[in-house]
Amino acid sequence: DFCGASSEAFARAFDQLTIKVEDLPITKLSFHDCSNISQDALIKILKKATHLTRLDLSHTAITSSILLNLPQNIRLTHLSLARCSKLTTKDLIYFLSTHQAISHGSLQWLNLQIDSNVVSPLSDVYLLYTLKHLNAPNLQYLNIGGMPVNSRILYTIKTKFPQLVSLNISHALNVTL
């Protein structure tokens, strides 16, 4: 867990990192709030982390191309992409609905929260589509704070994720109960 480590020296160390093994035996990796880690360093580390089950990339420079090129054989149970402003709408939807890392029903924990003062990468229509196509029958935690939540989205969440025990819809402006 490298949470919040964003000094220049820290970022430089990751740029200079040499990984000599074919597969990193890491199962849990958090770069939460490591906003200075370069895209090249993220690529270098993530392409070798073929045993990941928990991945926190909140508030990093992760891009759509890096996300889409995560190893196909990992099975994520926990994923946080909160405040990742460089992800495009199309690729985020594609990743969440089709990527092998999460499309086999392994996902239990998902954080897509955005800042309330930022335009959501997913409109209410795209969020609804993504949730309907997310294969996560065992999802227990979902954070879509800051996203455009409405009653259709809430109904989809209720019916699609029966194991859900925690839902964050902070800053939802269009919700009526």
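The following paragraphs examine helix 6 and its packing, and then two residues elsewhere in the chain, Leu42 and Thr60. The model is predicted, so local features need pLDDT of at least 70 and side-chain atom pairs count only at pLDDT 80 or more, whereas totals for chains, interfaces and linings use all residues. Residues are numbered from 1 along each chain as its sequence is written, and side-chain values use heavy atoms, with hydrogens and water left out.

Helix 6 spans residues 151–160; helices (H or I, at least four residues) and strands (E, at least two) are DSSP runs numbered from the N terminus. Its buried residues are Ile153, Leu154, Thr156 and Ile157, where buried means under 20% relative accessible area, exposed over 50% and partly exposed in between, with a 1.4 Å probe and protein chains only. Viewed down the axis of helix 6, these buried residues fall within an arc of 160 degrees and therefore line one face of the helix; the arc is that of the directions from the helix axis to the C-beta atoms. An α-helix has 3.6 residues a turn, so residues three or four places apart point the same way. Arg152, Tyr155 and Lys158 are exposed on the other side of helix 6.

At the N-terminal end of helix 6, Asn150 acts as a cap, with a side-chain oxygen 3.0 Å from the backbone nitrogen of Arg152. The buried residues of helix 6 pack against helix 5 (124–133), strand 5 (141–143) and strand 6 (166–168), contact meaning heavy atoms within 4.5 Å.

Helix 5 and helix 6 pack at an angle of about 10 degrees, and their axes are 10 Å apart. The two helices, helix 5 and helix 6, are therefore roughly parallel to each other, a description applied to angles under 35 degrees. From helix 5, Asp124, Leu127, Leu128, Leu131 and Lys132 meet Arg152, Ile153, Thr156, Ile157 and Lys160 of helix 6. By class, this contact has five nonpolar, one polar and four charged residues.

Leu42 belongs to helix 2 (residues 39–46) and is buried, with a relative accessible area of 0%. Leaving aside residues up to four places away in sequence, Leu42 touches Phe31, Ile37, Leu57, Ala61, Ile62 and Ile66.

Thr60 lies in the loop between strand 2 (54–56) and helix 3 (64–68), and at 6% relative accessibility Thr60 counts as buried. A polar atom of the Thr60 side chain is 2.7 Å from the backbone oxygen of Leu57. With residues up to four places away in sequence again not counted, Thr60 touches Phe31, Cys34, Ser35 and Cys84.

Terms used:
A polar contact is a pair of N or O atoms within 3.5 Å; within protein, one must be able to donate a hydrogen and the other to accept it, and residues adjacent in sequence count only if both atoms are side-chain atoms. Axes are lines fitted to C-alpha atoms, for helices over the stretch in contact, and angles run from 0 to 180 degrees between N-to-C directions. Angles under 35 degrees count as roughly parallel, over 145 as roughly antiparallel, 65 to 115 as roughly perpendicular and the rest as oblique. Ala, Val, Leu, Ile, Met, Phe, Trp, Tyr, Cys and Pro count as nonpolar, Asp, Glu, Lys and Arg as charged, and the others, Gly among them, as polar.
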